[in-house]
Every structure is written in structure tokens, then in C-alpha cells.
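Thanks for coming. Please have a look at the sequence and the structure on the screen before I start.

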Amino acid sequence: MPVPRHDVVFRGRTLIDGAFADAEIGVRAGRIARIAPAGTGMRAELIVELAADEVLLPGLVDTHVHVNEPGRTEWEGFESATRAAAAGGVTTIVDMPLNSIPPTVSVAALDEKRAAADGRVFVDVGFWGGAVPGNLADLAPLHAEGVFGFKCFLLPSGVDEFPDLSVEEMRQTMAVLADLGSMLIVHAEDAHIIEESIQAGSRDYAPFLASRPRSAEDAAIAEVIRGAVDTGVRAHILHLSNADSLGRIAAARADGVDLSVETCPHYLTLAAEDIPAGNTAFKCCPPIREEGNRDELWRGIADGTIDFVVSDHSPSTPEMKYAGDGDFAVAWGGIASLQLGLPLVWTEARRRGLALEHVVALMAEKPAARVGLADKGSIREGNAADFVVFAPAETFTVDAATLAHRHPITPYDGRELSGVVRTTYLAGLPVERDVPRGRLLRRRTIENGAHA
């Protein structure tokens with residue numbers, strides 16, 4: 001009997017079920033049709049032979065990306081954001097409900113966002129809904145339209161059209177989402193503690209850090225946990241910067257709370273002590289904290305308390321990012337790192353003795369599993385054929401001017417990193433700069449047709 005022919009066969013060192021093995025991966029109609037040992041000799045229209053210094057990884061899944069379109073496309077936009085994603089080995093993103101205008105707080109707003117993205121994305125894109133005061137009645141319709149969950153803030157978000165929830169409003173939202181089986185993802189900083197911690201503007205970083213104390217994050221996380229206990233909602237803590245909260249989070253999960261937590265490359269690779277005066281490219285909220293805190297976050301990575309790592313890609317225009325002539329109290333708080341996440345985390349993880357397999361689980365398999373992208377984030381038969389050809393030992397120096405996102409601003413400019421993304425494949429085909437083949441995703445289904 002003839003051997004079935006595939007569209008593409010990949011041959012080389014491949015990450016399968018958490019371990020590297022020499023393998024052949026057969027792709028048919030955009031999905032992984034067969035995984036076989038090296039030397040099997042699968043036939044295909046196209047054979048991709050990995051070089052000796054390359055490995056085949058699953059495409060990364062970044063569930064925390066601010067695309068900002070429509071309404072603030074001058075900050076980023078679907079074309080530039082998804083090109084940057086593909087350049088960094090990210091094959092799926094989930095877009096945050098702000099800072100677009102309108103924010104994704106109703107089905108009508110979601111329709112506008114999908115229309116803006118349709119036919120213009122280079123990787124697959126899903127959407128979060130937003131939970132704001134007064135939109136409880138919009139949650140069920142948004143859920144039915146396939147958003148992956150709902151985001152809220154417990155303090156002002158930074159944009160007027162996406163106001164924060166009080167703790168009581170958050171609990172009301174949790175009750176609705178628990179009934180729907182949806183998830184609430186929370187920017188967890190306590191508004192009252194932040195208000196009491198205001199500092200005078202300064203080009204020095206220390207006053208800004210003091211204005212966003214660890215206690216604000218920990219108090220808000222405690223409220224999220226109490227709400228999740230009382231309502232049974234699935235809850236998620238966004239962009240954890242404060243390692244002091246790890247014990248609280250671990251204890252809640254030990255008690256059966258359905259709680260997950262993410263952190264970001266900037267909290268794992270940067271330290272407050274190293275931030276130059278006036279360099280507001282380093283500003284984000286919650287803030288980058290001290291080196292000792294960073295070490296504790298890595299311990300949370302190693303022991304599994306932190307579930308996954310995503311970018312919180314939050315770009316703005318240079319005028320906003322550098323507003324105030326270096327005053328950290330005035331400049332926009334957000335870091336653009338969508339393209340650099342894998343080499344950033346891998347460089348630091350390698351230095352700390354963590355394996356590449358662990359890094360990929362944190363940045364692909366685990367975020368995909370938490371949001372319900374069952375066919376993403378791992379190389380298994382039947383899954384989407386989304387891959388990254390990665391050279392883990394090759395080094396490069398970050399040049400902000402060469403990055404694919406809209407504005408060449410990054411705190412990593414000039415930093416030497418390990419690990420180069422050589423090619424990104426979506427549905428078995430290489431991502432091309434001028435051919436937007438990404439799909440718009442719905443929870444558990446894919447809009448505009450499945451890969452298979």
C-alpha cells in the first residue's frame with residue numbers, strides 16, 4: 001500500500017509531549033496528520049529539513065496583547081502587531097478589549113473590531129471581552145459571540161472609555177460569568193492604596209515604583225480570590241509583578257480555587273535598580289520591581305505557581321511614551337515586546353538552568369490550555385500545524401529600528417539575547433510578510449473556517 005502523501009513534512013529535532021526527539025511531522029490541510037520517528041520517510045509536496053542548530057517548536061500563544069485597533073491604530077494596529085507576533089514565533093494572540101475605540105464591551109463593538117481585523121492579520125487572533133460598570137447585560141451576548149473571557153480593572157485603566165469596577169461590581173460580574181462558564185481576568189491593583197501612594201513626578205525611577213506598591217497588588221489579588229471563592233468563577237491574575245503574592249495564590253489553589261496567574265518578560269528580565277533616570281521606555285503598570293523580587297518570580301516559575309508567560313504588549317506613540325521629558329509620572333505605561341518574548345525569556349531561563357522545554361510550555365501549551373485553545377500550543381496529531389523553527393544557541397543584539405511593531409521603542413534596545421526565530425509557520429505554511437493568512441478565532445471554534 002502506498003505511503004499517504006502529505007502537503008508538508010518537517011524533519012528534525014522536535015518538541016513532542018514535553019521532550020525533544022528526532023522526528024518527522026506530516027502536515028495535511030493545515031493540521032498535524034502524523035508524527036513519526038526520524039527515518040520513516042514520509043512523502044510530501046514539500047520537505048522542510050531543519051538545520052543541525054535548529055529545533056521545531058509549537059507556535060507560541062500570547063493571550064495578552066493590546067492591538068489598539070480600531071480607534072488608536074496610530075499606537076499599533078492588526079497588521080503591525082501580527083507581523084511582530086509572527087517575527088517572534090507567536091502564531092496566536094488574544095487581543096485585549098482596550099485601548100481600542102470602541103472598547104470590546106458589547107457585541108456591536110466586537111463586530112467593529114472583527115471588521116477592522118478581517119483579512120489583515122498574519123497570525124490567528126482571538127478576542128477578550130471587557131467588563132465595565134453598566135455592561136452586565138452585555139456579558140452573555142459577548143460570551144455567545146465567542147470571546148475568550150472578560151477583562152476588568154480594579155483601578156483606573158488609563159483610558160476613560162474603559163472604566164474600572166468597584167470590588168462589589170467585580171463580584172457581580174463574577175457571578176454572571178460563573179453561570180456562563182466564562183473566565184474573569186483581572187488587572188489587580190487596589191485603587192485606594194494607589195491613591196494613597198501618589199508621588200511627585202520625577203525622572204528618577206524610585207518615586208514611580210513607590211507609587212505602585214506591592215501592597216496594592218496583593219490587596220487586589222486577595223479580593224479576586226475572595227470573589228472567586230464566593231462565586232465559583234474561573235479567575236485569572238494578569239501581569240503579576242509582585243512575588244509577595246505567590247504564597248497567597250498557591251494557598252488559594254490548594255484550597256480548590258480555580259485561579260491562574262501570568263507574568264511577563266519584563267518582570268523576569270529587568271530590575272528596578274538598573275533602570276536609567278528618564279528612560280520611560282521601562283515604564284509599565286504594575287511596575288518593574290527589584291532584582292530580589294525578580295528572583296522570587298523565577299522561583300514561582302520553577303515551582304509552577306506562575307502558570308504562564310505572556311507579553312502584555314502595550315505600545316503607544318513616541319509622543320506618549322516619552323511625554324514629560326523623562327518624567328515617569330507622565331509617560332505612558334506600557335512595554336512593547338511581542339516580537340522579543342521567546343528570546344528574552346529563554347536567555348534568562350537558560351542562565352538560571354531552566355530547559356527550553358519548560359519555557360515553551362510557559363509560552364505556548366499552558367496559555368493555550370487555560371483559554372480553551374485545545375488545538376494550539378503543542379505538537380500533537382490533530383493539532384493546528386503552527387510551528388516555530390528556532391535556533392536556541394544563536395545570539396543577536398536587539399535593534400529597535402528593525403522590530404516589526406509600529407513604533408521602534410523598547411527597553412531592550414542594544415541587549416544581547418540568545419535564541420533566534422528563523423521561520424514561523426501558520427497552518428503548515430511559512431508566514432509571509434505580505435500575505436495575511438491569519439484567522440479570527442472564537443472560543444472553541446474558528447471564524448472563517450477551520451484549519452482542517
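I will talk about one helix, then the nonpolar cores, then one loop residue. Keep in mind that this is a predicted model.

Start with helix 13, residues 356-371. What span should its 16 residues have at 1.5 Å a residue? The expected value is 22 Å, and the end C-alpha atoms are 22 Å apart, so the two agree. The helix does bend, by about 40° at Leu362. Leu362 is also one of the buried residues of helix 13, which include Leu356, Val359, Val360 and Met363. Just after the helix comes Gly372, with a positive phi of about 90°.

Now the cores. The largest nonpolar core has 93 residues, and the members that touch the most others are Leu57, Ile93, Leu184, Leu356 and Phe390. Which helix gives this core its largest share? That is helix 13, with six residues. Another core lies apart from this one; it has 15 residues, among them Ala23, Leu50, Ala385 and Val389.

Back to Ile93. Leaving aside neighbours within four places in sequence, its contacts include Asp62, Val65, Leu338 and Val123.

That brings me to Val123, in the loop between helix 2 and strand 8. Is Val123 buried or exposed? Its relative accessibility is 0%, so Val123 counts as buried. Beyond four places in sequence, Val123 is in contact with Ile93, Leu426, Gly438 and Arg439, among others. Ala86 is another of these contacts. Val123 and Ala86 are 37 residues apart in sequence, yet their C-alpha atoms are 6.5 Å apart in space.

That is all from me.

Note on methods: Residues are numbered from 1 along each chain as its sequence is written. This is a predicted model: local features need pLDDT of at least 70, side-chain atom pairs count only at pLDDT 80 or more; totals for chains, interfaces and linings use all residues. Side-chain values use heavy atoms; hydrogens and water are left out. Helices (H or I, at least four residues) and strands (E, at least two) are DSSP runs, numbered from the N terminus. The expected span of a helix is 1.5 Å times one less than its number of residues. The bend at a residue is the angle between axes fitted to the seven residues ending there and the seven starting there. Buried means under 20% relative accessible area, exposed over 50%, partly exposed in between (1.4 Å probe, protein chains only). A nonpolar core is a set of buried Ala, Val, Leu, Ile, Met, Phe, Trp, Tyr and Cys residues joined through side-chain atoms within 4.5 Å. Contact means heavy atoms within 4.5 Å.
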